[in-house]
Amino acid sequence: MASLSRRTRFRYSLGSFVTGGFGTVPGLLLLPYLTDTMAVPAAAAGVIVFVPKAWDVVFNPVAGRLSDADLARTGSRRRFLLRGGIGVAILFAALFAHPGFGTPVWDAAYVVAMFFLCATAYAFFQVPFNALPAELTDSAEERTKLTSVRIGVLAVAVLVSGGGAPAITDLLPGVAGYRVMGLVMAVIILAATLGVYFGLKGAPVGSLRPNTVRLKELARTIAQWRSFRWLLGVYFIQALGIGTVLAAIPYFAQHVLGDPSYRTYLFVGFVGPALVTMPVWPRLGARWGKLAGFRIATTSFFVGLVAMYFADKLPFAATLVFVALAGVGYAGISVFPLAILPDLISAEEERTGETRAGVTAGVWTASETLGLALGPGLLGIVLQAGSYVSSTGSTAVPQPPSAITAIVIGASVLPAVLIALGIPLLRRSVLEKQP
């Protein structure tokens, strides 16, 4: 098959502004949005952040099957991308609209409903988006190029959304900042969706295979698909660590470092180095092997997180250095799984003679969603155990020493352990089918 044009690679990668925005902003701001503007207790807020995304764990494989079926009928997944992306944009703005019913229970119920619907719409965008690289081209080399561009754009998207969203909430006090932030992010998500939809019109599509009919058959396939299961395990446990540290950043900035505006600096200090080093990791992987590169990235992330435990005793500049070290590792653990996945999909499709891209992307997305959702939920439990005091309004409430300790643990020790747990899973069987 002919090479994909640079224009096609870039237009496909615009979808990263949807995945980056939805994957980053709720994990970064939804927990403090609940605890510090609606007075929702930390443990309950953690459950609220987790439950709607947990639904996606069940629904994403279903969305994958529907996407595969639509591909077989129409020859394209673009219709799912369009409808899902528009839904995400509308519901994202509604999620942070804060209607103010007057009680934490009703306000929290509104957030649950909006987040539930938004997560469902996101599944219809994310699942086909993840499946496309295995179908736009049959070439492993072209898929690697496509994935590399996507990861680079994703880093920019995460930097823009993760750095910009907190900055917007800081400009306006209380709920007003969240409302404006939700609208701005909705516009970005909608523009990115339209960019992918119209940008991929007429793009090449690889060979189409019969759709998988039964979920039971899929389960049996994955049970036999050893390399995919190992890679999925690493991805899940590290997504859990990432979700935890992202949720902890606003609390860490305000209550440990003493200035809520530091959350923007921390996030930019985390994602900025990741953006710079994204192109370096594939080269290191090509030279030393993907497995070695994956382990080095994991170690870098781990060391940076552990050092943050001492942030209250270090100059802020030194803290930023360790945050940057964690960001460099974050870049690596983002690159390697996404570079490996399309090749595993193609190998399995060749073995079975049936479409696996959509359903596999659904399982993959479900794992990522579950990990990123469990992270804030886990942090909420830690904060509750530390007697964190929830509140309404934009003024910080004094916290007991136990809450400060809980924040430090949730921002450094806990995610560091989770990231390190991926190392024993990084076995050669993950790469055994790779060229």
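## Cavities and helix geometry in a predicted model

The lining of the second largest cavity divides into 8 nonpolar residues, 2 polar ones and 1 charged one, where Ala, Val, Leu, Ile, Met, Phe, Trp, Tyr, Cys and Pro count as nonpolar, Asp, Glu, Lys and Arg as charged, and the others, Gly among them, as polar. The model is predicted, with local features needing pLDDT of at least 70 and side-chain atom pairs counting only at pLDDT 80 or more, while totals for chains, interfaces and linings use all residues. Residues are numbered from 1 along each chain as its sequence is written, and side-chain values use heavy atoms, with hydrogens and water left out.

A cavity is a set of points on a 1 Å grid over the protein atoms alone where a 1.4 Å probe fits but cannot get out, and its lining residues have an atom within 4 Å of a point. Points are joined across faces, edges and corners, and the volume is the space filled by probe spheres set on them. The second largest cavity has a volume of about 90 Å³ and a lining of 11 residues, with Asn130, Pro133, Arg150, Leu338 and Pro342 nearest its centre. At least two lining residues come from each of H5, helix H6 (133–136), H7 and H14, and H14 gives the most, with 4 residues; helices are DSSP runs (H or I) of at least four residues, numbered from the N terminus.

In total there are 5 cavities of 30 Å³ or more, and the largest holds about 440 Å³ of space. Its lining comprises 25 residues, of which Leu154, Tyr235, Tyr330, Glu368 and Leu372 lie nearest the centre. Two or more residues of this lining are given by each of H2, helix H5 (104–131), helix H7 (140–171), helix H10 (226–256), helix H14 (316–352) and helix H15 (357–385). By class, the lining of the largest cavity has 13 nonpolar, 9 polar and 3 charged residues.

Helix H2 (residues 16–37) has 22 residues and reaches 29 Å from its first C-alpha to its last, close to the expected 32 Å, the expectation being 1.5 Å times one less than the number of residues. A kink of about 35° lies at Leu29, shortly before the proline Pro32, the bend being the angle between axes fitted to the seven residues ending there and the seven starting there. Because 21 of the 22 residues of H2 are buried, this helix is largely enclosed by the rest of the structure; buried means under 20% relative accessible area, exposed over 50% and partly exposed in between, with a 1.4 Å probe and protein chains only.

Three residues with a positive phi are tabulated below.

| Residue | Phi |
|---|---|
| Ala39 | about 60° |
| His98 | near 50° |
| Ser387 | near 65° |

Ala39 comes just after H2. His98 is found in the loop between H4 and H5 and counts as buried at 7% relative accessibility, whereas Ser387, in the loop between H15 and helix H16 (401–420), is partly exposed at 43%.

The whole structure contains 18 aromatic pairs, in which rings of Phe, Tyr and Trp (its six-membered ring) have centres within 6.5 Å, with planes under 30 degrees apart counted as stacked, over 60 as edge-to-face and the rest as tilted. The rings of Phe96 and Tyr178 have centres 6.2 Å apart and planes at 5°, so the pair is stacked. Phe96 lies in the loop between helix H4 (78–95) and H5 and Tyr178 in helix H8 (residues 174–199), so the pair ties together parts that are 82 residues apart in sequence. Both Phe96 and Tyr178 are buried, and they form one aromatic cluster with Tyr33 and Phe92.

Key. 1 Å grid on protein atoms, 1.4 Å probe; cavity = no way out; pocket = protein on both sides within 12 Å on 5 of 7 lines; lining within 4 Å.
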